[in-house]
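User: I want to learn how to read pockets and buried residues in a model. Can you take me through one?

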Amino acid sequence: MYQAHNVFFWLTVISAVATNSLAADPVKIGVAGAHSGDLASYGLPTARAAQLVVDSINAKGGIHGAPVELVLADDVCKPEVAANTASKLVSGGVRLVIGHICSGATKAALPVYTESDVIVMSPSATDSDLTTSGKYPTFYRTIAPNNAQAETIVDYVADTLKAQKIAIIHDKGDYGKGLAEDAQALIKKRALAEVVLFEGITPGAVDYSAIVQRIKMARAEAVIFGGYHPEASKIVTQMRRKQLKATFLSDDGVKDDTFIKIAGKYAEGVYATGPADVSENPVTKHYRQAYKAKYGDEPGAFFDNAIAAALSLTNAVEKASSTDSKKVAKVLHEQIAVTPFGEIKFDEHGDAIGVGYTLYIVKEGKFAQVQKDSPLPPVPSLKK
């Protein structure tokens with residue numbers, strides 16, 4: 001636990017008290033992600049979170065007298081766009097990046113950053129390979145990887161819902177397929193249940209009746225979906241319209257209010273993972289209130305993780321008195337930053353220590369954190 005006097009560390013300590021090389025030029029931080037398109041509801045909260053943190057820092061005089069400047073870059077969460085986006089940021093003098101948002105886009109962009117020795121910190125890219133492969137030494141994230149997310153889902157399906165027949169479907173992307181494969185491996189390794197269907201779908205399709213029919217024919221009691229809300233909302237809607245009652249569980253790519261808006265009444269009872277509820281953390285409260293005051297509504301998906309990324313990066317620059325990647329990395333690994341998730345630093349792979357997942361369920365049109373002692377809907381009976 002951290003002391004109360006440290007809570008607003010970044011709201012008070014940044015000042016122009018030191019004279020060093022930072023004071024000569026602005027500290028440029030790129031913010032890359034989906035700022036338009038179907039997944040903008042994931043990317044825009046991150047851009048706004050970064051802006052709130054930067055506004056607070058600049059109001060106190062910048063970092064050692066150097067103003068912080070954000071450079072926004074829209075990759076639409078598409079891998080074919082992300083590499084070009086990364087190249088533009090690097091050629092523009094950016095040495096630190098918050099993003100990208102989607103795992104596929106992140107993986108496509110990382111070779112550019114790795115070659116240029118640019119520090120990248122994502123609030124939302126969860127593909128396990130991004131950190132475990134060792135290919136991307138300058139990559140960090142303030143969200144737990146897919147394998148932790150998959151474990152949260154699988155444990156709940158097997159231990160709490162007691163489902164014995166599980167269908168696993170995914171969107172064929174790095175993020176969705178990665179989570180699906182992690183879930184399948186866990187189920188098989190622990191002999192928790194039978195995977196009766198494992199199949200990919202085509203993102204952006206209008207009709208998913210074929211996969212819904214295969215789920216029905218497999219007599220699945222639960223469906224685990226790896227992917228994003230546009231596809232999940234369509235699949236759930238078509239499942240319920242076909243009177244298919246299998247419990248639907250998914251990932252943080254679905255835990256977004258847009259999913260509920262699109263799926264409507266069919267969203268009820270859907271489970272999705274997400275970062276733990278940190279609404280009582282004083283840092284969280286401060287930035288959420290600042291968001292509401294500036295934008296007039298509630299922050300969206302991954303906002304808290306984005307605040308954590310912005311605070312962690314700027315904290316590292318301040319303590320390193322530099323944007324040099326090796327100096328910044330040393331701080332990230334060895335010293336803490338005060339964030340909505342408490343005091344965090346990063347392990348040797350770039351994952352934030354102590355940041356995990358919890359499970360949410362849609363109740364009365366809102367995502368509610370699942371409590372261990374809350375009544376649970378039973379697994380649907382297969383008996384006619």
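Analyst: Keep in mind that this model is predicted. We begin with a pocket wall. In the second largest pocket, helix H9 gives the largest share of the lining, four residues.

User: Which elements give two or more residues to the lining of the second largest pocket, and what is the volume of that pocket?

Analyst: They are helices H3 (79-91), H4 (103-116), H7 (174-190) and H9 (229-241). The volume is about 540 Å³. The lining has 25 residues, and Leu-39, Cys-77, Lys-78, Pro-203 and Tyr-228 lie nearest the centre. By type, the lining holds eleven nonpolar, seven polar and seven charged residues.

User: How is empty space found, and how much of it lies in the largest pocket?

Analyst: A probe the size of a water molecule is rolled over the atoms, and this shows where space is left empty. Here the largest pocket has about 990 Å³. Its lining counts 36 residues; nearest the centre are Lys-255, Asp-257, Pro-299, Gly-300 and Ala-301. Elements giving two or more residues include helix H10 (257-263), strand E10 (271-275) and helix H12 (303-320). H2 supplies the largest share, five residues. The lining splits into 15 nonpolar, nine polar and twelve charged residues.

User: Now a single residue. Is Thr-339 buried or exposed?

Analyst: Compare its relative accessibility with the cut-off: buried means under 20%. Thr-339 is buried because its value is 0%. Thr-339 sits in strand E11 (residues 337-339).

User: What does the side chain of Thr-339 reach at 3.0 Å?

Analyst: The backbone nitrogen of Phe-341. A polar atom of the Thr-339 side chain also lies 3.0 Å from the backbone oxygen of Gly-342.

Key: Residues are numbered from 1 along each chain as its sequence is written. This is a predicted model: local features need pLDDT of at least 70, side-chain atom pairs count only at pLDDT 80 or more; totals for chains, interfaces and linings use all residues. Side-chain values use heavy atoms; hydrogens and water are left out. Buried means under 20% relative accessible area, exposed over 50%, partly exposed in between (1.4 Å probe, protein chains only). A polar contact is a pair of N or O atoms within 3.5 Å; within protein, one must be able to donate a hydrogen and the other to accept it, and residues adjacent in sequence count only if both atoms are side-chain atoms. On a 1 Å grid over the protein atoms alone, a cavity is a set of points where a 1.4 Å probe fits but cannot get out, and a pocket is an open set with protein on both sides within 12 Å along at least five of seven lines; lining residues have an atom within 4 Å of a point. Grid points are joined across faces, edges and corners, and a volume is the space filled by probe spheres set on the points. Ala, Val, Leu, Ile, Met, Phe, Trp, Tyr, Cys and Pro count as nonpolar, Asp, Glu, Lys and Arg as charged, and the others, Gly among them, as polar.
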